[in-house]
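Work through these exercises with the model open beside you. Try each task before you read its solution.

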Amino acid sequence: MAPRDPVSGETPPTSLSARLARGDLMAPDCPSREVLKHVTSRWGVLVLIALEQRMHRFSELKRAIGGVSERMLAQTLQWLEADGLVDRKAYQVVPPHVEYRLTPLGQECAEKVRLLADWIEMSLPRIRAAQA
């Protein structure tokens, strides 16, 4: 039997979704919010999806992700690298050659983000209808 809260006498929620609903992510100073911002930004989602299948050079990523500026792509890659989701490998050649790939943690994240992106694309007709 789960322990009861000494103040309310209620049994605390044990499911992950219940813990998240009342957890630190809802607190304004939770460090998870920065990672959430990086992962769920428009460019973060698209970078994760593009890198899910294979490694890309910077120029390949820029071509694969329509509409992203070099500045935003570079910033997004830096954020995702700092969060441990993207691995950057620079080769000391002329011209410079840099490759980006997902780390194992990044692969896990990309799978989750892709599910959301797939749902959005599949639900777009219903979303458009609701917007009208």
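**Exercise 1. The overall layout**

Task: Find how many helices and strands the chain has, and give their order.

Solution. Start with the count: the chain has 6 helices and 3 strands. Keep in mind that this is a predicted model. Next, read the elements from the N terminus on: α-α-α-β-α-α-β-β-α. Then look at burial. Of the 132 residues, 26% count as buried. Finally, take the contacts with a separation of 6 or more. Residues 24 or more positions apart account for 41% of them.

**Exercise 2. Helices α3 and α5**

Task: Decide how α3 is oriented to α5, and list the residues that make the contact.

Solution. Locate the two helices: α3 spans residues 42–53, and α5 spans residues 70–82. Their axes are 10 Å apart, at an angle of about 75°. Angles of 65 to 115 degrees count as roughly perpendicular. Therefore α3 is roughly perpendicular to α5.

Now list the residues. From α3 come Trp43, Gly44, Val47 and Leu48. From α5 come Met72, Leu73, Thr76, Leu77 and Leu80. Sort them by class: this contact has 7 nonpolar, 2 polar and no charged residues.

**Exercise 3. One residue in that contact**

Task: Is Thr76 buried or exposed? Which residues outside its sequence neighbourhood does Thr76 contact?

Solution. Place the residue first: Thr76 is in helix α5. Its relative accessible area is 1%. Buried means under 20%. So Thr76 is buried. For the second part, leave aside neighbours within four places in sequence. Thr76 is then in contact with Trp43, Gly44 and Val47. These three residues also appear on the α3 side of the contact with α5.

**Exercise 4. Helices α2 and α3**

Task: Describe how α2 and α3 pack, and sort their contact residues by class.

Solution. Begin with the geometry: the angle is about 65°, and the axes are 4 Å apart. That makes α2 roughly perpendicular to α3. Next, find the residues that meet. His38, Val39 and Thr40 belong to α2. Arg42, Gly44, Val45 and Leu48 belong to α3. By class, the contact has 3 nonpolar, 3 polar and 1 charged residues.

**Exercise 5. Around Trp79**

Task: Which residue lies over the face of Trp79? What separates the C-alpha atoms of Glu34 and Trp79?

Solution. Look at the ring first. Lys37 lies over the face of Trp79, at 6.0 Å from the ring centre. Then move to Glu34, in helix α2 (residues 32–40). Glu34 counts as partly exposed because its relative accessibility is 42%. Now compare chain and space. Glu34 and Trp79 are 45 residues apart along the chain, and their C-alpha atoms are separated by 9.4 Å. Finish with the aromatic pairs: the count comes to 0.

**Exercise 6. Two loops**

Task: Find where Ser69 and Pro95 sit, and say what kind of peptide bond joins Val94 and Pro95.

Solution. Take Ser69 first. Ser69 is in the loop between α4 (58–64) and α5. With a relative accessible area of 33%, Ser69 is partly exposed. Ser69 and Trp43 are 26 residues apart along the chain, with C-alpha atoms separated by 9.9 Å.

Now go to Pro95. Pro95 is in the loop between β2 (86–91) and β3 (97–102). The bond that joins Val94 and Pro95 is a cis peptide bond, with omega about -5°.

Notes:
Residues numbered from 1 in each chain as written. Predicted model: local features only at pLDDT ≥ 70, side-chain atom pairs only at ≥ 80, totals over all residues. Heavy atoms only, no water. Axes fitted to C-alpha atoms, helices over the stretch in contact; angles between N-to-C directions. Parallel < 35°, antiparallel > 145°, perpendicular 65-115°, else oblique. Contact = heavy atoms within 4.5 Å. Nonpolar A, V, L, I, M, F, W, Y, C, P; charged D, E, K, R; others polar. Phe/Tyr/Trp six-rings, centres within 6.5 Å; stacked < 30°, edge-to-face > 60°. Lys NZ or Arg CZ within 6 Å of the ring centre and 35° of its normal. Buried < 20%, exposed > 50% of the residue type's maximum accessible area, 1.4 Å probe, protein only.
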